[in-house]
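Welcome to this guided tour! Open your viewer, get ready to select residues by number, and follow along stop by stop.

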Amino acid sequence: MKTTLKKYKISEIVDGFVYNELEGRGLFGLSGRLTIQPECQRNYIYADGKKDVAVIESILKGYPLGLIYFNDAAKDRFEVLDGQQRVTLIGRLTTGKFAIKDENNREQLFSSLPAEKQEKIMNSELLVYHCEGKEKEIKEWFKTINIAGIPLNEQELLNAIYSGSFVTLAKAEFSNSQNANIQKWSAYVKGSALRQEIMAAALDWVAASQKMEIDGYMARHRQDISINELKTYFNSVINWVSGVFANVEREMRGLEWGGCLRNSIKSRILPPTYQKKCGNSTATFM
C-alpha cells in the first residue's frame with residue numbers, strides 16, 4: 001500500500017460539506033470530491049459534549065489533531081479511511097449544525113464567532129495521508145484502526161469488510177436513529193443503532209436461522225439490492241415477542257430472541273430461562 005502525505009486547510013476540507021441529519025453522517029467534502037463516510041466507517045458518535053468540545057478547543061489552541069487517512073478511490077476522488085469523526089465534527093461546526101461555548105459560557109454558532117476565531121479555524125491545517133492499494137489491503141489495514149480511544153466493534157468491522165449495496169441498505173434500516181421503529185426494537189434488543197448493534201442482532205438472528213455465522217451471511221448477500229429477507233425475519237421475531245408478552249420487562253432487553261423463537265417453535269413451550277426472566281411461565285405457542 002502506497003501512502004503520500006499532504007496538508008489541507010480546514011476551509012478546503014469543508015468546502016461543499018453535506019451532512020445527513022437523519023442518518024447522523026457526513027456525506028461529502030472537498031467540493032464533492034471527498035466521501036466522508038463510506039461503508040467502512042461508523043456513524044457519527046462525537047456529539048457527546050466532550051469529544052466534540054475537545055476537538056474544537058484543540059484547533060483554537062493550535063494543537064495538532066492527529067493524522068487523517070484518505071483512500072484514493074478513483075482519480076481525484078477520495079474516501080475517509082480514518083478521521084471521519086473529526087472531519088464530520090469540523091464540517092458540522094462550520095456549517096452551523098451545533099454551537100460551542102465562548103469564554104463567557106455563552107453558546108455561539110460558527111457564524112457568530114469573532115472573525116479572528118473563524119479565520120483561525122478555517123486556516124488550520126490537517127495532515128492527511130493519501131493511501132493507494134488494493135481493496136483487500138485497504139480493508140485489512142482499516143481493521144487495525146483505533147479512533148480516539150473508541151475501538152470499532154465487531155459489526156462495524158464486518159460492515160467495513162463486506163461493504164456494498166447490502167450493507168448500505170441494512171444501515172439505512174437498522175442504524176438510522178430517526179427510524180420510528182427504533183424505540184420498539186430497543187425494548188428487546190440491547191445496544192445502540194449508531195454503533196450497529198441493532199443491525200448486528202438482526203443479522204445474527206437471520207444467519208443463525210440458516211445455520212450460518214454473520215460474516216458468512218454478509219459475504220453471501222454482499223451485492224444484494226434488497227434486504228427483504230433480513231427485515232422480514234427480524235420483524236417476525238420482534239412481532240412474535242411483542243405478541244407473546246403483554247408487558248415489556250427490563251430483563252427482556254438483550255435476550256437472544258431469535259434462538260428463543262426457533263427453540264419454542266420446536267417445543268411449543270418458552271424455555272425455562274426465559275420464563276424466569278420474563279415472568280411468564282405459561283406462555284405457549286401456536
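Start by selecting Ala172, which sits in helix H7 (residues 165-174). Helices here are DSSP runs of H or I with at least four residues, strands are runs of E with at least two, and both are numbered from the N terminus. Ala172 is partly exposed because its relative accessible area is 37%; buried means under 20%, exposed over 50%, and partly exposed in between, using a 1.4 Å probe and protein chains only.

Before we move on, two notes about what you are looking at. This is a predicted model, where local features need pLDDT of at least 70 and side-chain atom pairs count only at pLDDT 80 or more, while totals for chains, interfaces and linings use all residues. Residues are numbered from 1 along each chain as its sequence is written, and side-chain values use heavy atoms, with hydrogens and water left out.

**From Ala172 to helix H9**

Keep Ala172 selected and add Met199: they are 27 residues apart along the chain, and their C-alpha atoms are separated by 9.9 Å. Now select residues 197-209, which make up helix H9. Its 13 residues reach 18 Å from the first C-alpha to the last, close to the 18 Å expected at 1.5 Å a residue (the expected span is 1.5 Å times one less than the number of residues). Which residues of H9 are buried? Among them are Ile198, Met199, Leu203, Trp205 and Val206. After H9 comes Lys211, with a positive phi near 60°.

**Helix H8**

Next, pick Ser186 in helix H8. Ser186 counts as buried because its relative accessibility is 18%. Show what surrounds Ser186: apart from neighbours within four places in sequence, Ser186 is in contact (heavy atoms within 4.5 Å) with Ile198 and Arg253.

**Aromatic rings**

Time to look at rings. A pair of aromatic rings is described by the distance of the centres and the angle of the planes. How many aromatic pairs does the structure hold? There are 10. Rings of Phe, Tyr and Trp (its six-membered ring) pair if their centres lie within 6.5 Å; planes under 30 degrees apart count as stacked, over 60 as edge-to-face and the rest as tilted.

Select Phe166 and Tyr217, an edge-to-face pair with 6.1 Å centre to centre and 65° between the planes. Phe166 lies in helix H7 and Tyr217 in helix H10 (residues 214-221), so this pair ties together parts that are 51 residues apart in sequence. Both Phe166 and Tyr217 are buried.

Then try Trp185 and Phe234, also edge-to-face, at 5.1 Å centre to centre and 85° between the planes. This pair links distant parts of the chain, with Trp185 in helix H8 (residues 182-186) and Phe234 in helix H11 (residues 228-244), 49 residues apart. Both Trp185 and Phe234 are buried. Add Phe174 and Trp205 to your selection, and you have a cluster of four residues linked by ring pairs: Phe174, Trp185, Trp205 and Phe234.

**The strands**

For the last stop, select strand E1 (residues 2-9) and strand E9 (residues 125-132), which pair in the antiparallel sense over 8 bridges. Two strands pair if DSSP finds at least two bridges between them. Click on Lys7 and look across to its bridge partner in E9, Leu127. Now add strand E5 (residues 68-74), which runs parallel to E9 and is joined to it by 4 bridges. Here Ile68 has Val128 in E9 as its bridge partner.
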